[in-house]
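Biologist: Hey, could you walk me through this one? I'd like to start with the ligand and then get to the charged pairs.

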Amino acid sequence: MRVLVTGAAGFIGSTTAELMVSSGHEVVALDNLIAGRLENVPSGATFVEGDCGDMDLIASLGRFDACVHFAGLIEPRVSMEQPELFFQNNVASSFRLLEALVQSGVERFVFSSSCAVYGNQIEMPIDETRSIDPLSPYGQSKRMVEEGMAWLAKLGRIRTASLRYFNAAGGTLAHPEQHRPETHLIPLALDVATGQRDHLEIFGTDYPTPDGTCIRDYIHVSDLADAHLLAIEALAEHRDITLNLGSAVGSSNRQVVDAVERVTGVDLDVRYVERRPGDPAAAIASNAMARDILQWQPHRSELESIVADAWASRLQSGQD
Ligand SMILES: NC(=O)c1ccc[n+]([C@@H]2O[C@H](COP(=O)([O-])OP(=O)(O)OC[C@H]3O[C@@H](n4cnc5c(N)ncnc54)[C@H](O)[C@@H]3O)[C@@H](O)[C@H]2O)c1
């Protein structure tokens with residue numbers, strides 16, 4: 001297949017583009033490099049620097065069998081300060097992209113959505129039938145794109161898959177987890193292990209969880225990449241699917257710190273500070289629907305494997 005991958009210089013997009021190339025697909029990797037890194041783009045892909053909302057650019061790239069749309073701003077906290085930017089970049093640009101794709105006859109569209117659409121849920125695990133209640137413009141931007149996509153699918157314009165990731169983590173030797181700015185717990189903890197940061201802050205110790213720290217569901221980026229290939233295939237049969245992608249296992253912040261200390265052999269300077277407003281106590285996916293519809297199986301998403309791979313990819317990339 002000929003596939004357009006937007007956001008292909010980012011963490012999840014580059015890992016997925018690499019898997020697509022190695023599976024024999026022709027990949028056009030589009031990124032405006034506002035947060036991604038050129039060296040992330042797999043060598044077997046054709047790189048195009050540009051904005052996913054540039055309709056003329058998209059039209060000039062020719063016809064694709066499918067588009068996987070990772071491009072977006074990713075930080076909920078920043079979206080509370082700059083909501084306009086998120087609606088512009090994540091929503092308006094996504095619909096311009098969709099319009100260009102529909103005009104050129106692309107049939108399948110896979111979108112990076114997020115568990116942020118669920119907001120603060122009390123009962124775990126969270127399945128896809130839960131109420132939608134985003135707590136930030138970031139989460140709202142994902143929901144707005146999902147809703148528009150559902151209409152396009154219903155009206156027969158394009159087949160669509162919304163994949164709601166929980167916490168992407170891990171890394172491959174070619175693609176370490178790295179964000180600009182970095183806000184994700186595992187890479188921050190590894191920064192402390194390598195001496196790039198002097199301490200790690202954990203926000204809140206009085207959540208209603210067994211050890212008082214927040215619980216999240218970490219999913220290995222390679223397991224996420226597998227799910228995207230399967231989602232493209234599944235759109236041959238399905239017109240519109242919405243699926244959680246998580247490991248279905250919760251790990252507390254303290255458990256993550258312990259795993260990083262075990263894997264790296266370094267005692268981290270951890271400072272336990274006040275809760276941050278808006279952080280839900282827990283977010284754990286039910287992944288039954290993805291297993292069923294995609295025949296997907298997360299293989300690498302045990303916390304210890306995720307941290308070990310993140311550490312190996314960090315050492316390989318020389319960020320230490
Ligand atoms: N990392 C996670 O845990 C997580 C969880 C849920 C959802 N997601 C979603 O997955 C996607 C990928 O996340 P990531 O962690 O790889 O982030 P990332 O920042 O590493 O990658 C995003 C990429 O998109 C590019 N980009 C942003 N806006 C663009 C635009 N308008 N045109 C072209 N390129 C643009 C950036 O330069 C970057 O390379 C995002 O849409 C994010 O919201 C991520």
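Modeller: Sure. For the ligand, a residue is near the molecule if one of its heavy atoms lies within 4 Å of it. Keep in mind that this is a predicted model.

Biologist: OK, so how many residues surround the ligand, and which are the closest?

Modeller: There are 30 residues around the ligand, and the closest are Ile12, Asp31, Phe70, Asn89 and Tyr138.

Biologist: What class are the residues in that shell?

Modeller: The shell around the ligand has 14 nonpolar, 13 polar and three charged residues.

Biologist: Which atom of the ligand does the side chain of Asn89 sit by?

Modeller: A nitrogen atom of the ligand, which is 2.9 Å from an N or O atom in the Asn89 side chain. Two backbones come in as well: an N or O atom in the backbone of Phe70 is 2.8 Å from a ligand oxygen, and for a backbone N or O atom of Ala168 the distance to a ligand oxygen is 3.0 Å.

Biologist: And how much of the ligand's accessible area does the protein cover?

Modeller: On its own the ligand has 830 Å² of accessible area, and the protein covers 97% of that.

Biologist: Which elements give two or more residues to the shell?

Modeller: Those are helix H1 (11-22), strand S5 (108-114), helix H5 and strand S7 (167-169). S5 gives the most, with three residues.

Biologist: Switching topic: how many salt bridges are there?

Modeller: The count comes to 15 salt bridges. One of them pairs Arg77 with Asp279, with the closest N and O atoms 3.0 Å apart.

Biologist: What does that pair tie together?

Modeller: Arg77 lies in helix H3 (residues 76-81), while Asp279 is in the loop between strand S13 (270-273) and strand S14 (282-283), so the pair ties together parts that are 202 residues apart in sequence.

Biologist: Is Asp279 buried or exposed?

Modeller: Asp279 counts as buried, at 15% relative accessibility. Its partner Arg77 is partly exposed, with a relative accessible area of 33%.

Biologist: What about Glu147, which residue does it form a salt bridge with?

Modeller: Glu147 forms a salt bridge with Arg143, and their closest N and O atoms are 3.5 Å apart. The two are four residues apart in helix H5 (residues 137-154), so about one helical turn separates them.

Biologist: Which residues are joined into one network with them?

Modeller: Salt bridges that share partners join Arg143, Glu146, Glu147 and Arg164 into one network.

Key:
Residues numbered from 1 in each chain as written. Predicted model: local features only at pLDDT ≥ 70, side-chain atom pairs only at ≥ 80, totals over all residues. Heavy atoms only, no water. Salt bridge = Lys/Arg side-chain N within 4 Å of Asp/Glu carboxyl O. Buried < 20%, exposed > 50% of the residue type's maximum accessible area, 1.4 Å probe, protein only. Polar contact = N/O pair within 3.5 Å; in protein donor to acceptor, adjacent residues only side chain to side chain. Areas by Shrake-Rupley, 256 points an atom, 1.4 Å probe, with all protein chains shown as cover. Nonpolar A, V, L, I, M, F, W, Y, C, P; charged D, E, K, R; others polar.
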